[in-house]
Every structure is written in structure tokens, then in C-alpha cells.
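Me: Got a model open here. Can you walk me through it?

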Amino acid sequence: MKRQPRSSPRSAKPRRSVSIVGTGSYAPERVLTNDDLSKMVNTTDEWITTRTGIKERRIAAKDEQTSDMAARAALAAMEQARVEAREIDFILVATTTPDMVFPATACFVQQKIGATRAACLDVSAACAGFLVALQIAEQFITSHTFDTILVIGAEKLTSITNWTDRNSCVLFGDGAGAAILKHRGEGTHGVISTHIGSDGQYADILYMPGGGSRTPITRDNVDQHLATIHMLGREVYKQAVTSMLNASKIVLEQAGLTTDDIACVIPHQANVRIIEAIADRLKIPLSKFFVNLDRYGNTSAAAVAIALDEANRTGRIKHGDYVLMVVFGGGLTWASAIVEW
Ligand code: ACO
């Protein structure tokens with residue numbers, strides 16, 4: 001089905017189109033395999049592979065911060081986009097594992113890449129963060145506020161992993177992905193359809209109870225693993241399928257596209273069974289889904305950003321392709337976007 005151009009809002013200036021002009025990613029050197037994990041908790045490679053699809057994940061070094069990984073991914077995206085640090089107007093870092101509660105990790109990234117002109121902000125939307133940040137960036141560009149925006153998803157999830165809980169510790173990994181967004185004249189190419197949403201009634205199925213103002217970590221509660229991920233896996237699984245399915249349908253409808261028009265789906269990389277369920281219900285062949293969770297596990301806000309960069313650099317997505325990205329995370333939060341590559 002042919003896409004009808006999205007109508008421009010009534011405004012003095014015409015709607016600007018927003019393109020992703022460069023991507024980059026970074027994964028730490030150290031690899032932790034399922035066999036390695038089976039020596040740490042009561043699990044097996046067979047269980048992790050069949051239940052999740054994950055084979056290995058990357059672990060950041062002790063002195064490697066979220067902002068270090070974010071900066072490495074950013075520099076790769078800037079190189080591909082041929083964008084200099086001084087051209088960047090705004091840096092958005094989506095993360096659940098900031099270097100510190102404040103200042104924003106984006107400020108540390110600014111310092112590390114020398115983007116002295118940029119405004120900086122962190123986005124807290126758990127695993128959905130990168131696509132939420134992408135949509136914030138799109139709004140700043142279409143409103144003529146900024147021209148060049150660096151959007152990053154970066155996580156050191158292993159810093160908030162409970163390594164004694166086999167239900168969750170097998171799932172997570174570290175890494176970062178980045179994209180440079182720019183306005184590209186007037187028109188309808190680039191980011192063509194977006195959606196974000198949340199449902200706070202499920203806030204307690206995926207969360208980190210300690211470390212915030214509600215339950216600061218104290219000398220007394222430090223052994224209770226409060227500053228680690230707490231998750232009702234089955235419930236998260238169900239909600240993930242429902243929210244990603246709905247979010248996909250919404251952006252398809254907004255764009256006037258059918259599933260047949262989509263060349264590649266880049267979903268959140270949490271569990272291959274969640275991806276299979278979505279493929280089945282959307283009736284999109286699994287072969288159209290880009291999956292790399294076998295090598296990285298779930299890297300939360302970084303996951304779809306790393307996957308986008310790999311899909312881009314390996315030629316899996318090509319100029320003119322319609323790419324559907326869809327994510328969900330704690331909150332619950334979800335987001336989706338269709339980009340004409
Ligand atoms: N190794 C071996 N056995 C295990 C392990 C493990 N690592 N983990 C759980 N089990 C056991 C359980 O104890 C349970 O045993 P029981 O039947 O004797 O009680 C059995 O395996 C089945 O457990 P379930 O939780 O029912 O397994 P399920 O098929 O639901 O898979 C999983 C669990 C992988 C967590 C799945 O529910 C899932 O992927 N959920 C979504 C997770 C997710 O996407 N989280 C997002 C996090 S993002 C973020 O936090 C930033």
C-alpha cells in the first residue's frame with residue numbers, strides 16, 4: 001500500500017523532515033558466556049538458550065562508565081555522519097544506569113566528546129529510552145529549535161544486576177548505541193511515524209526499589225539487593241508482547257503502511273520468544289526481524305540502538321527501506337517508530 005504523506009501542522013514554517021544521518025555502537029571487550037554463568041548460579045546454557053535466545057553478553061570493565069561507552073558510540077556515529085562535535089546542538093542519553101544520579105550522563109558525554117555548544121539531558125524510560133529520546137529529538141528539530149541532535153542509548157546494567165538471582169542475572173549485558181539526527185529540508189522522508197506510551201499501573205513488575213529517595217541505600221539494607229533489578233519475568237513477558245504489538249500497529253496505521261511494506265523490524269532485544277510472538281501476531285516473517293540478543297543479551301536502552309547500528313553497517317537496511325523499530329521497558333513504557341532509511 002502506498003503511503004499517504006503525513007499532513008503538516010498549521011504553522012508559519014513548513015514541517016521539517018528528520019533523518020538519521022549516522023549511527024554508531026560500542027560493546028565492552030569482556031564476554032560472559034552462558035557456561036560462565038552456569039559456574040556462578042544454578043543454570044545451564046541449554047536453559048538460557050531455549051528460554052531467551054541469549055548465548056553471551058558483554059560486561060563493562062570496573063572503571064568503564066556508562067558515559068565512556070556512550071561517548072565511544074557517539075564518536076562512531078559522528079564519524080559516519082561527518083558531524084563535528086561543535087555542530088551538535090543537543091545530546092540526549094537514554095539510560096537506566098547513569099554514571100551518577102546527577103549530573104546527567106549526557107553532560108559527561110558532552111565533556112568526553114567536546115560538544116561544547118550542546119544542551120544536555122538524560123531520558124529515563126528504561127528499555128524504551130532510545131526510541132523515546134529519538135522522538136524528543138525529532139520534536140526539537142521539527143519545531144526549528146535545533147538542527148543536529150545526538151541521541152544515545154547506553155547502559156551498564158551489570159552494575160545493577162543481582163548476580164545471585166538466576167531469574168534475572170542471565171538476561172542482561174552492557175553497551176551503547178548512538179544516532180545523529182539532522183533536518184533534511186522539507187518533506188516526508190526520514191522519521192515518518194512515531195508513538196510513545198506508558199502504563200504506570202505496572203510500575204512494580206520491573207523496577208529497582210533502592211537507591212532513590214524512597215529507599216536510599218543504607219548500611220543496614222545493603223545486603224538486601226535493593227539497588228538491583230527486580231522483575232516479575234512472566235508478567236513482563238506478557239505485557240511486552242501486548243505493548244509492542246499495539247505500538248507497531250499504531251505507527252503502521254499513522255504512516256499508511258502495511259506490514260508488507262516493512263523491509264526490516266528492529267525490536268527491543270530482550271528475549272527471542274517475545275520477538276517470535278510479535279512476528280507471529282503481526283504476520284511478518286521472522287526473517288525480517290533483526291536479532292542480535294544472542295551476542296549481547298538485553299542491554300535495555302542500548303539494545304535497539306546497537307541493533308540499528310549493526311543493521312545499518314551490515315547493509316541489512318538500505319536506502320529507501322521502511323524500518324519499523326519497537327521497544328518496551330519498565331514503567332511500563334513503550335515506543336515505536338517507522339523510519340524511511
Ligand atoms: N536457569 C535455570 N532455571 C531457571 C532460570 C535459570 N536462569 N531462571 C528461572 N528458572 C526456573 C524457574 O525457577 C522456574 O522453575 P520452577 O518451574 O521449578 O519454578 C522455571 O525455570 C520457569 O521459570 P519462568 O520464570 O516461568 O520461565 P519463563 O519461561 O517465563 O522465562 C524469562 C523466564 C526468561 C525471564 C521470561 O519470563 C522473560 O523473558 N521475561 C521478560 C523479561 C524481560 O524482558 N525483562 C526486561 C528487563 S529490562 C530491564 O530490566 C532494564
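Reply: One term before the ligand: a residue counts as near a molecule if one of its heavy atoms lies within 4 Å of it. Also, this is a predicted model.

Me: OK. How many residues surround the ligand, and which are the closest?
Reply: 23 residues surround the ligand. The closest are Thr-43, Arg-51, Arg-166, Arg-234 and Asn-271.

Me: What does Arg-51 put by the ligand, side chain or backbone?
Reply: Side chain. A polar side-chain atom of Arg-51 sits 2.7 Å from a ligand oxygen atom.

Me: And Arg-273, how far from the ligand is its polar side-chain atom?
Reply: The distance is 3.0 Å, again to an oxygen atom of the ligand.

Me: Which residue uses a backbone atom, and what ligand atom is at the other end?
Reply: Gly-233 does. Its backbone N or O atom is 3.0 Å from a nitrogen atom of the ligand.

Me: Switching topic. Where are the domains?
Reply: Domain 1 covers 14-182 and domain 2 covers 191-340. Their centres, taken over C-alpha atoms, are 14 Å apart.

Me: How many residues are in contact across the two?
Reply: 51 from domain 1 and 44 from domain 2. About 3,600 Å² is buried between the domains, and carbon and sulfur atoms give 63% of that.

Me: Which residues of domain 1 lose the most area there?
Reply: Cys-127, Leu-131 and Gln-135. Together they make up 18% of what the domain 1 side buries.

Me: What about polar contacts and salt bridges between the domains, how many of each?
Reply: There are 24 residue pairs in polar contact, both partners at pLDDT 80 or more. The salt bridge count between domain 1 and domain 2 is zero.

Me: Which elements of domain 1 touch domain 2?
Reply: Those giving two or more residues include strands S1 (16-26), S3 (56-59), S6 (148-156) and S7 (174-186). Helices H2 (45-52), H3 (66-81), H5 (129-142) and H6 (166-169) are also among them. H5 gives the largest share, seven residues.

Me: How does that side divide into nonpolar, polar and charged?
Reply: The domain 1 side has 23 nonpolar, 20 polar and eight charged residues.

Me: Back to salt bridges. How many in the whole structure?
Reply: Six. One pair is Asp-89 with Arg-117, at 2.5 Å, N to O.

Me: Where do those two sit in the chain?
Reply: They link distant parts of the chain, 28 residues apart. Asp-89 is in the loop between H3 and strand S4 (90-94). Arg-117 is in the loop between helix H4 (105-113) and strand S5 (119-123).

Definitions and conventions:
Residues are numbered from 1 along each chain as its sequence is written. This is a predicted model: local features need pLDDT of at least 70, side-chain atom pairs count only at pLDDT 80 or more; totals for chains, interfaces and linings use all residues. Side-chain values use heavy atoms; hydrogens and water are left out. Domain bounds come from an automatic or database domain assignment. Contact means heavy atoms within 4.5 Å. Buried area is the accessible area (1.4 Å probe) that two parts lose on being put together, summed over both. A salt bridge is a side-chain nitrogen of Lys or Arg within 4 Å of a carboxyl oxygen of Asp or Glu. A polar contact is a pair of N or O atoms within 3.5 Å; within protein, one must be able to donate a hydrogen and the other to accept it, and residues adjacent in sequence count only if both atoms are side-chain atoms. Helices (H or I, at least four residues) and strands (E, at least two) are DSSP runs, numbered from the N terminus. Ala, Val, Leu, Ile, Met, Phe, Trp, Tyr, Cys and Pro count as nonpolar, Asp, Glu, Lys and Arg as charged, and the others, Gly among them, as polar.
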